[in-house]
Amino acid sequence: MTGQHENHHPDASAPDLSVDAPDMPAPQVREVAAHAIPGGLGLLLTVLGVFAGVGLVIGGAVLNGDGAGTVGVTLLILGVLLAITSFFCMSGVKMVAPGEARVIQLFGRYVGTIRADGLRWINPLTSSQKISTRVRNHETAVLKVNDAYGNPIELAAIVVWKVEDTAQALFEVDDFLEFVATQTEAAVRHIAIEYPYDAHDEDGLSLRGNAEEITEKLGVELTARVQAAGVRIIESRFSHLAYAPEIASAMLQRQQAGAVVAARQQIIEGAVGMVETALLRIAEQDIVELDSERKAAMVSNLMVVLCGDRSAQPVLNTGTLYQ
C-alpha cells in the first residue's frame, strides 16, 4: 500500500471474505514475450531465399555445362542447400488469430508466448501450441449438498473466466479446463456447507438472503483456488438455489407460516395504532364520555373488526351496555 497508513476498525457488519483454499505450490514458470519478427518480412526473406537457391542451381548447371566443373558444382550445392534451408525456414511463419496466443518451446524448454495477432516468424526449430485467451463460461451441474443446518439443498453456479498467464495454464497444471471445473465445484460445495439456506438468526448470512455477499466470497475463494493455473475469475453467480425435493414442501410450509406470523404482527401493530388514535380523537373532541368499561368494549370491538379475516357482521344493541 502506498501513501499514509491509517488505522481502521473492522466493521462488524461487513462480510468475512477470508477463504479456506488449499495452499498451491509456487509457480515454476511465468509468461514472457517470445522473440519474433513480423511474419510478412520472414515470409518474404524465405521466398527470396528459395528463388536465390533456384537461381544458383541454374547458374551452376550452366557453368558445369560450359566446362567450369568446380565452380558449377559448388554453385549447385550452395543453391540446393539455400533452397532447402529457405523451405525449412518457411515453417517458422505462424499465424496468430485474435483472442488466441501461441506458447513457444525450444527442445521442451519454454521460451515465450506470442500474443500479437497476425503473421509472426519464429525460430523454425521451436514448437508452438495454441491456447485461447478469450473469455469463457463454465456452469456447474446441479449439486446436492447439505447446508450449515444440515438441510439438503440443490445449487449450481456460473463462472466467467479467462486465461491470463498462458505458461502457467499449460505447464503448472495437467489440464487447465478440467482444473477450473473441478476447483469451481469444490468452491461451490464449500460455500454451501458453510452457510445456511435461510438464517434463523437475523444477523447471520444465508445463501438466499445474502446473495451478493456470498457470491463475493465465492469469487474470492475461486480466485485463490485457480490462480495456480494462471486463470483470472471475472464473475461468479449462483444460477440455481433451492431446497432438495424431499424437504421442499416442508420448508415451504415453514416459510408460509413465517409469512403469516409476520403479516399478523404487522396487522396487530396497525390495529393498535388505529384504536389508540380513535380514543384520543374521541377524547379531544369530547364526542362522548367513556368510562373504562366502555373503552374496553370499544377496544375489543375495533380489534375484532380490524384484525378479523372476514368482514364484521354488526349487531345492534337496542338496550344499554349494562342491560
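**Group meeting: a walk through the model**

Okay, let's start with a bit of packing: the buried residues of helix α5 sit against β9, α4 and β10, the last of these covering residues 231–243. Keep in mind that this is a predicted model.

So which residues of α5 are the buried ones? They are I214, T215, K217, L218, G219, E221, L222, A224, R225 and V226. The helix itself covers residues 211–226. With 16 residues at 1.5 Å a residue, α5 should span 22 Å, and its end C-alpha atoms are indeed 22 Å apart, so the two agree.

Now over to α4, one of the elements that α5 packs against. This helix runs over residues 176–194, and we can do the sum again: 19 residues at 1.5 Å each should give a span of 27 Å, and the end C-alpha atoms are 27 Å apart, so that agrees too. At the N-terminal end of α4 there's a cap, D175, with a side-chain oxygen 3.2 Å from the backbone nitrogen of L177. As for what's buried in α4, the list includes F176, F179, V180, Q183 and T184. Further along you also get A187, V188, H190, I191 and A192.

Next up is β9, another of the partners of α5. Strand β9 is residues 152–163, and it runs antiparallel to β8, joined to it by 4 bridges. One pair you can look for is N146 standing opposite P152 in β9. Together β8 and β9 make a hairpin with 5 residues between the strands, and G150 there takes a positive phi near 85°.

Which side chains of β8 are buried? L143 and V145 are, and they point to one face, while K144 and N146 point to the other and are not buried. That's the general pattern, because side chains in a regular strand alternate between the two faces of the sheet.

There's also an open sheet to find, made of 3 strands in the order β1-β5-β2, with antiparallel pairing. The edges are β1 at 37–38 and β2 at 93–96, each pairing on one side only. Strand β5, residues 118–121, pairs with β1 over 2 bridges. Within that, P38 has R120 in β5 as its bridge partner.

Last thing, confidence. The mean pLDDT of the protein chain is 79, and 77% of its residues reach 70 or more. Where does the pLDDT fall below 50? Over residues 1–15, a stretch that has 2 contacts in the model beyond near neighbours in sequence.

Terms used
Residues numbered from 1 in each chain as written. Predicted model: local features only at pLDDT ≥ 70, side-chain atom pairs only at ≥ 80, totals over all residues. Heavy atoms only, no water. pLDDT = per-residue confidence, 0-100. Contact = heavy atoms within 4.5 Å. Buried < 20%, exposed > 50% of the residue type's maximum accessible area, 1.4 Å probe, protein only. Pairing = 2+ DSSP bridges. Expected span 1.5 Å × (residues − 1). Polar contact = N/O pair within 3.5 Å; in protein donor to acceptor, adjacent residues only side chain to side chain.
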